[in-house]
Amino acid sequence: MQVRQLAHSRLITVAAFTVLWLGAAAPIALCTEETKPPSAEKGYELATKFCKTCHIIDDKPGRVAPDGPPPFSAIANKAGQTAERIKGTLIQPHPPMPDMHLSSEEILNIIAYLETLRTDETIPPFLPPPGEAKPKYPSPT
Ligand code: HEC
C-alpha cells in the first residue's frame, strides 16, 4: 500500500515538473524568435493610439492641422531628417510631448510608418530596404 502511494506521489511530481517545464519553455521559445523587420502597419496602429491626439498622422483629406505639433508628413519630409533623430525625439521628448515609453521595436515600427510618408527624395531612406539590412558584424577584410 505504501509503495503504491509513493509511486503515485512520484507521478504527481513528474507531472508538476512537466507543466512547469512547458510553462518556462514557451516564453523562451518566443524570445528567441527572430526579430521581425519593422512594420509600417504596426507603426500606423501605434501612431493612431499614441500620437493622433496631437499630430496629424496621415494625409487624409479633411484634416486641419492643429496649432503646434508638426504633422507627420512634415516630420517625414523635414530637411536632414533621420531615423536617429526621430528615435532621439521619442526616447527623450521635448515638453509638451509626453514620454510614451515606447520600446525600440515600437519606435522602429513608427519610423517605418513615417518612411511611407517621406515624399522628398532628397532625404535618404530612414531604414535600409528589407533584405539589405547591414550585417551585424563587419565582414572580415
Ligand atoms: C501631447 C501631445 C503629443 C503627443 C501625444 C505626441 N506628440 Fe510628438 N510632438 C508634440 C509637440 C508639441 C512637438 C513639438 C515639440 C518641439 O517643437 O520641441 C512634437 C514633436 C515631435 C517630433 C519632432 C518633430 C521635429 O520637427 O523634429 C516627432 C518626431 C514627434 N513629435 C513624433 C511623435 C510620435 C511618433 C508620437 C506618438 C508615438 C508623438 N509625437 C506624440 C506633441 C505630441
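The following exercises, with worked solutions, concern the ligand shell, one loop residue and the nonpolar core of a predicted model. Residues are numbered from 1 along each chain as its sequence is written. In this predicted model, local features need pLDDT of at least 70 and side-chain atom pairs count only at pLDDT 80 or more, while totals for chains, interfaces and linings use all residues.

**Exercise 1.** Determine which residues come nearest to the ligand, and which elements supply the shell.

*Solution.* A residue is near a molecule if its C-beta atom, placed from the backbone, lies within 6 Å of it. Of the 20 residues around the ligand, the nearest are Cys51, Cys54, Pro69, His94 and Met97. Next, assign elements: helices are DSSP runs (H or I, at least four residues), numbered from the N terminus. Two or more shell residues come from each of α2 (40-50) and α4 (83-91). The largest share, three residues, belongs to α4.

**Exercise 2.** Classify Ile56 as buried, partly exposed or exposed.

*Solution.* First, locate Ile56: this residue lies in the loop between α2 and α3 (72-76). Second, apply the cut-offs to other C-beta atoms within 10 Å, all placed from the backbone: 20 or more is buried, 12 or fewer is exposed, and in between is partly exposed. Ile56 has 18, so Ile56 is partly exposed.

**Exercise 3.** Identify the element that gives the most to the largest nonpolar core.

*Solution.* Such a core joins buried Ala, Val, Leu, Ile, Met, Phe, Trp, Tyr and Cys residues through C-beta atoms within 7 Å. Of its 16 residues, Ile107, Ile110, Ile111, Tyr113 and Leu114 touch the most other members. At least two residues come from each of α2, α3, α4 and α5 (104-116). The most, seven residues, come from α5.
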